[in-house]
Amino acid sequence: MNRLTSRLIVALFCLLWATVPAGASVLGTAGFYNEFIFGDIFQENTDSQGRVAAAGNVTYSNMSVASEIEVKDSRYPELVVGGNLSWANGSVGYFSDINSGSPDYKKGDIVVGGSATIALNNGGSSVAFGSLTTGAALPFSFSLEQAYLQDLSTYWGQLGATGKTTIKPGEIFLTGTNPYLNIFSLSAADIKKNIGFHINVPEGSTTLVNISGDVGKMKKFGFYFNGMDGNLDGDDLNNDGQPDFLFPDNLILYNFYEATALNIAGIEVHGSILAPWADVLFSNGHIEGNLIAQSLLGTGEAHNELFNGNLPNHPVPEPATVILLGGGLIGVVAVRRRLKD
C-alpha cells in the first residue's frame, strides 16, 4: 500500500467516525424502532406508537402501529417484517378515524420479506396503511443488527457501577451524582413485585441499569425519579397548559445482558429495554421507550419515547457504518487504480 492510499484510508475513517454518529442512535437501526425483535411477534388488542421491526413472522389482531410517526420522519419503513405477516384489523401510521394525532403524522409503509395475509372487512382490507411491499429486500440486515446489539449489551453489562444501589424491603434506590452518566448493577432476583423503583440522578444525565440473570421480571411496581412518582408523568395539575413533571424516559436504559426470558406485566416501564437474547411475554402494561428482544408475545403497549442517552462507544462499529466504510474503501481502491493508470 503506497503513501497516498494510506492517507486516503485514514481520511475516510476520520470522516466516517466524525459524521455517521450525527443523528444516529447508539442502538443502531434498532434505535429508530419502538419494538425491534429478532424473531417472531404475536400481539393483539394493543398498539405501538412507533415503528416495529421483526426478523421472523408477525401475527397481529386489533393492532395499531406507528400512529406517532410524522411525515418528516421517513428514514425507515414503519413496519418491517422479515418473514410473513398475518393481520386482522388495525392500522400502520396515522389515520384520523382510527388514531389520535395531527395531520403532520403519516400513513405508514409496510415492507415484508415473505408474504402478507390481511383479513377482509366488509369486502375491503381490515388494515389501513400507506403502502405494502411483499417479497421485498429488507432495508437493513437483522443478523448484523442482532450481532451488534448482543455485543453491545455484553459490553455495557461488563461496565463497573458508578452509582450506589440500595435494596430495602419493598424498595430499590439507585443513586448517582455524575451529571453525564450513571451506571448501576442489579440482579434480576432483586426486582420484586409491588416495590418502589427509585432513580435519583442529576437531571439530563443518562442512566444505565445492568441487570444480570437468565430470567427477568418487571411486574406490578412503580417508578420514581428524584422523588417524583412516575404516575404523575405528563400531568398538568396546576392547569397552566404545561406538564408539571416529565419522567426522563429517553435517558434510561435497562440492559438485561444475560436474560433469555423476560416477563413484563401490570406495569408502566419508564425507559427502554435492551434484552437481545430474551423471549418477552408482555401483558397488561406499557413501555415508555424502545423494546429490543428475541421474540415478543402479548398485549403490552409501546410508546414512542426512544432512547437517546449518551453511553460509552462500543469497540465494534454499528452495521450501517461498516457498510458505508466498505463502500468508501472500494472508492479508495478505484481512485488508486486511476492514479496508477
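**Note on the predicted model: arginine 51, ring pairs and salt bridges**

1. Beyond its neighbours within four places in sequence, arginine 51 is in contact with Phe32, Tyr33, Asn34, Glu35, Ala66, Ile69, Asp73, Ser74, Arg75, Tyr76, Pro77 and Glu78. The structure under discussion is a predicted model. Arginine 51 itself is placed in the loop between strand S2 (41-48) and strand S3 (52-54). With a relative accessible area of 2%, arginine 51 is buried.

2. Two backbone oxygens approach the side chain of arginine 51. That of tyrosine 76 lies 3.1 Å from a polar atom of the arginine 51 side chain, and that of phenylalanine 32 lies 3.4 Å from a polar atom of the same side chain. Both phenylalanine 32 and tyrosine 76 also appear among the contacts of arginine 51.

3. Arginine 51 further belongs to a network of salt bridges, in which it is linked with Asp73, Glu78, Lys106 and Asp109. Of these residues, Asp73 and Glu78 are also listed among the contacts of arginine 51.

4. Lysine 106 takes part in that network through two pairings. One is with glutamate 78, where the closest N and O atoms are 3.4 Å apart. This pair links distant parts of the chain: lysine 106 is in the loop between strand S6 (85-92) and strand S7 (109-112), glutamate 78 is in the loop between S4 and S5, and the two are 28 residues apart. Lysine 106 and glutamate 78 are both buried.

5. The other pairing of lysine 106 is a salt bridge with aspartate 109, with the closest N and O atoms 3.2 Å apart. Here the two partners are to be described separately: lysine 106 is buried, at a relative accessible area of 11%, whereas aspartate 109 is partly exposed, at 25%.

6. Over the whole structure, a search finds five salt bridges. Among them is the pair of glutamate 70 and lysine 72, whose closest N and O atoms are 3.6 Å apart. Glutamate 70 is partly exposed, with a relative accessible area of 25%. Lysine 72 reaches 75% relative accessibility and therefore counts as exposed, the cut-off for that class being over 50%.

7. The aromatic residues deserve a separate point. A search of the whole structure finds 18 aromatic pairs. In the pair formed by tyrosine 76 and phenylalanine 140, the ring centres are 6.3 Å apart and the planes stand at 75°, so the arrangement is edge-to-face. Because tyrosine 76 lies in the loop between strand S4 (58-65) and strand S5 (79-81), and phenylalanine 140 in the loop between strand S12 (131-133) and helix H2 (142-157), the pair ties together parts that are 64 residues apart in sequence. Tyrosine 76 is buried, at 12% relative accessible area, and phenylalanine 140 is buried as well, at 10%.

8. A further pair is that of phenylalanine 225 and phenylalanine 247. Their ring centres are 5.8 Å apart and their planes are at 55°, so this pair is tilted. Phenylalanine 225 lies in strand S19 (residues 222-225) and phenylalanine 247 in the loop between strand S20 (228-229) and strand S21 (252-256), so the parts tied together are 22 residues apart in sequence. Phenylalanine 225 is buried, with a relative accessible area of 6%; phenylalanine 247, at 5%, also counts as buried.

9. Tyrosine 76 and phenylalanine 140 also belong to a cluster, in which ring pairs link them with Phe32, Tyr33, Phe36, Phe38 and Phe142. Among these cluster members, Phe32, Tyr33 and Tyr76 are in contact with arginine 51, while Phe36 and Phe38 are in contact with isoleucine 292.

10. Isoleucine 292 is placed in strand S26 and is buried, with a relative accessible area of 0%. Isoleucine 292 and phenylalanine 36 are 256 residues apart in sequence, yet their C-alpha atoms are 4.9 Å apart in space. Neighbours within four places in sequence aside, the contacts of isoleucine 292 are Leu27, Ala30, Phe36, Phe38, Leu149, Ile273, Leu274, Ala275 and Pro276.

11. Leucine 297 also has its place in strand S26 (residues 291-298). At 42% relative accessibility, leucine 297 counts as partly exposed, whereas isoleucine 292 is buried. Together with Phe42 and Leu281, leucine 297 forms a nonpolar patch on the surface, and the accessible area of the three residues together is about 260 Å².

Conventions: Residues numbered from 1 in each chain as written. Predicted model: local features only at pLDDT ≥ 70, side-chain atom pairs only at ≥ 80, totals over all residues. Heavy atoms only, no water. Phe/Tyr/Trp six-rings, centres within 6.5 Å; stacked < 30°, edge-to-face > 60°. Helix = DSSP H or I, 4+ residues; strand = E, 2+ residues; numbered from the N terminus. Buried < 20%, exposed > 50% of the residue type's maximum accessible area, 1.4 Å probe, protein only. Polar contact = N/O pair within 3.5 Å; in protein donor to acceptor, adjacent residues only side chain to side chain. Contact = heavy atoms within 4.5 Å. Patch = residues over 30% accessible without salt bridge, like charges linked within 9 Å, V, L, I, M, F, W, Y side chains within 5 Å. Areas by Shrake-Rupley, 256 points an atom, 1.4 Å probe, with all protein chains shown as cover. Salt bridge = Lys/Arg side-chain N within 4 Å of Asp/Glu carboxyl O.
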